[in-house]
Every structure is written in structure tokens, then in C-alpha cells.
Amino acid sequence: MELTLLGTGAPGGLPLPDCPCAACATALGPAARAATALLVDGVLLLDLTPGAAFAAARAGHSLGGVRQVLLSHPHDGPAVEVPAGLPQPGRVADGRELALLTGHRVRTVALDAPGSGYEVTGPDGERLLYLPPGGAPAGLGEGNGGAHGHGGRSPYEMVVADVLGRPDGLARLRATGAVGPTTDVIAVHIGHEAPPGPELTRRLAAAGARAVPDGSTLVIGAYEDVPDVPRRTLVLGGARSGKSVEAERRLEAFPEVLYVATGGTRNGDTEWARRVSVHRERRPGSWRTTETCDLVPLLADDGPPLLVDCLSLWLTHVMDEVKAWDDDEWAGGGERELRRRVVELADAVRATRRTVVAVSNEVGSGIVPATASGRRYRDELGRLNTLFAAECEHVLLVVAGQALALRG
């Protein structure tokens, strides 16, 4: 089964007319995207968009063989003119299956938003799942199932979806086995909210997805170089740099993440309570939270991905335990014990089989602390970050909300 993406952009396209934002200003040439529309084997058109016939011609195809046009979501604005010779667009009712004379079968997938998802099965059995903008599957089964009615079957060969807008939808598909390690996940409905340039590629790769230019033709079921999701990532940054948001973003397309909060509750500190509340509100509902600094056993256990926020507070906790703030205690064994604990943590990161994303502060570029204990903390955090980073496939530095790849 062959898929041609006539467009890969949001319903309004990219760039938006007269929009001065940075993403629109740089969406030129190959980076420009028309509204998403899919042509399957030249016989099935999913979503009719302005200029579809010209887009097909540019991609070396014709719409003359299209036998069915299906719409996946409500279209705003004026009605789109149906090119001569194309059948009138329609939608498949929920729970119904449409069989084409060409051997293709189309079944609707229930969503949690207006619109319809479509599962397309080719004559040879390959399966494609297409989801509309802002839509995620609803009513998923348990275990090795998938989107409505997927139960027990193998993962889709390809999923084409709004990865940036609804990463939780991808997480649901992964949780039920509808998306597996070999599923080719293609991001579409890309609008000006997406980061421009290489940052888009990096962000999608962290979710195990990729974007392709308009006009790309893909063979469904053929081996593709599916992005490898890094197993261990360290995200560094200064205060309010966006490092925690970046860390959360790297796991939002995965189910059952365990968020490890190392800061505790700090009873009575209302400002800290507000910070904790903001963090909790932006996490996906499927994530669990544990408040602990006992990281080594968590890293040794099997389980869902870990998001550790943050190592700098873990270090504060350990320095409290070894009495590192007291010069005599530090010289009398505290330094040795702290270094042992840091090496133990680094060894656990090296040995872990879990996916781990950890956050830490980068303090080495700031003002030199005025006190000996402050300088001690700064130096030890630098050592901790260095050892932890050495065990990670990806290391990022976040500055002003922009993630810079230091490794990976």
C-alpha cells in the first residue's frame, strides 16, 4: 500500500497568511505545508483540501483514479470546490466499515473530539491509521489491543496523526499495543505552533515520530528508519529556562510515566506549593507521581519511563544527610560519602533498563557564591551533572526555552 501526503500542515496551512510569527516567517520553500490530505494507492483520498489536484500532480500522481473521498474533520471557511471527476466527499459513520472494489477496507475509529479517524487496510493486509487534527482515539481496549476493535492484532504499520497537538493520543495507542517499535509514526497537521527548523525534527524524534515534506510518497509496511527514542536523557538549564517543560515534552507521547519529584512538599511554604501545583496541572492524567530521593531502587526496577525532577534537589537532600554544610563533617568523611552516593547513582543510571529523563540545574555559569557552602554545592552539582551526563545518550541545555543538543 502506497501513501502520498498531498499536504502535511494544519487546516490553515503553514505559513498562515499575514502571520508575523517566527514559524511562519521561516516556513518557506520545502518548509511550507498545505493542509493535510492523504492519497492512498491513487484510489482513496482522505480529506479534500484546496489545490489537491495540483498537489497530486506535483507529486507525480493524478486524482483521476480516486474512487472514494472521505473527510475526517469539520472544515472551517468556505466550501472546498470538488475537482471534476472526483466523487462527492463523505464520511463513514462510526462503527461502520467501507469496502472498496479495489480491495481496500476503511473502518472508522472513535475519537474524543469532533471528527473521525480512519483505519485503512490494504489488499495485502497492511494497515494505516489516520487521525484528524486535535483528535485522539477514544474507548481503547486493554492490553495488546488498539483503537476501537483493534484488540489482539499486531501494531499498525503506519500511523499518521497530530503528534505535536495530541501527544497523549500517541501515548494511548502505545499503551494498547496499536503502536509498536516498528510502527512508522508520521506527524501531520503541523501549524505555526510547531518549532521551526531542526527543532521540529528533534522534538518529533523524542516521541518516536518524524515529519516529511508535502508531496512525499511512502510505502506502508516497508522498513523505515524509525527514530530511536533515547533511553537516558539529561536536561540542563537555569532558573525558569523551560527545562522542566522540555523534559515533560520528551515523554508526553508515552503512557504510564512515573514522575519522581525530589523536592518534597516543604510544608508551610506556599510559594513552593504553587510551583508544585503548576507542575502537576500540566502533566498528562495518566502519569503517576512519587515524592522520593531514593532513586537507585527505582532505576534498578523494571517499569514505565521515569522523569526525575530534579537532580539538584536530590543533591541538596544527600548533602543534608552527610552534613556536607559543616566544614568539620565535610573533612571528616562527608565529602567521601557524598562522592560515593553520586557514583552509586551514576552506576544505577548506567545499568538501568528503564527510559529515564532527568532534570538538573546548570549553575556553573552564574555568579560565584559568596559562601563556602554555596561554592561547595555549586562544585558538587557540576560533578554530579558531569557523571550523570556521561551515562546518557542525549544531553540537552535549555536556554530561554530553546533546547540545544549537547549530545545525541
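Buried means under 20% relative accessible area, exposed means over 50%, and partly exposed lies in between (1.4 Å probe, protein chains only). This is a predicted model: local features need pLDDT of at least 70, side-chain atom pairs count only at pLDDT 80 or more, and totals for chains, interfaces and linings use all residues. Residues are numbered from 1 along each chain as its sequence is written, and side-chain values use heavy atoms, with hydrogens and water left out.

**Exercise 1. Place T8 and state whether T8 is buried or exposed.**

Step 1: find the element. Helices (H or I, at least four residues) and strands (E, at least two) are DSSP runs, numbered from the N terminus. T8 sits in the loop between β1 (2–7) and α1 (22–26).

Step 2: read the accessibility. T8 has 0% relative accessibility, so it counts as buried.

Step 3: list the surroundings. Contact means heavy atoms within 4.5 Å. Beyond its neighbours within four places in sequence, T8 is in contact with residues including R33, T36, H189 and D214.

Step 4: look along the loop. P15 is also found between β1 and α1. A cis peptide bond, omega about 5°, joins L14 and P15.

**Exercise 2. Work out the strand order of the sheet that holds β1 and β12.**

Step 1: write the order. This open sheet of 5 strands runs β4-β3-β2-β1-β12, with mixed pairing.

Step 2: find the edges. β4 (68–70) and β12 (217–219) each have a single partner strand, so one side of each is left without a neighbour in the sheet. The twist averages 20° from one strand to the next. Angles run from 0 to 180 degrees between N-to-C directions, and axes are lines fitted to C-alpha atoms, for helices over the stretch in contact.

Step 3: check one pair. Two strands pair if DSSP finds at least two bridges between them. Strand β3 (residues 44–46) and β4 are parallel, with 3 bridges. L45 stands opposite V69 in β4.

**Exercise 3. Explain what is unusual about D41 and R240.**

Step 1: recall the background. Most residues other than glycine have a negative phi, and most peptide bonds are trans.

Step 2: take D41. Its phi is positive, about 55°, although D41 is not a glycine. D41 lies in the loop between β2 (37–40) and β3. With a relative accessible area of 31%, D41 is partly exposed.

Step 3: take R240. Its phi is positive too, about 55°, and R240 is not a glycine. R240 lies in the loop between β13 and α5 (243–249). R240 is exposed, at a relative accessible area of 68%.

**Exercise 4. Trace the neighbours of strand β14 (residues 258–261).**

Step 1: sort the side chains. L258 and V260 point one way, Y259 and A261 the other, and all are buried. In a regular strand the side chains alternate between the two faces of the sheet.

Step 2: pair β14 with β15 (residues 288–291). They run parallel over 4 bridges. The bridge partner of V260 is T290.

Step 3: pair β14 with β16 (residues 306–309). The sense is again parallel, over 4 bridges. L258 stands opposite L306.

Step 4: go past β16. The peptide bond from D309 to C310 is cis, with omega near 5°. C310 is in the loop between β16 and α8.

**Exercise 5. Describe helix α10 and the packing of α8 on α9.**

Step 1: size up α10 (residues 372–390). It has 19 residues and reaches 27 Å from its first C-alpha to its last, close to the 27 Å expected at 1.5 Å a residue. The expected span is 1.5 Å times one less than the number of residues.

Step 2: find its buried residues. Among them are R376, Y377, L384 and F388. The buried residues of α10 pack against elements including α8 (311–321), α9 (327–351) and β18 (394–399).

Step 3: cross α8 with α9. They pack at an angle of about 145°, with their axes 10 Å apart. The contact involves residues including W314 and V318 of α8 and L338 and V342 of α9.
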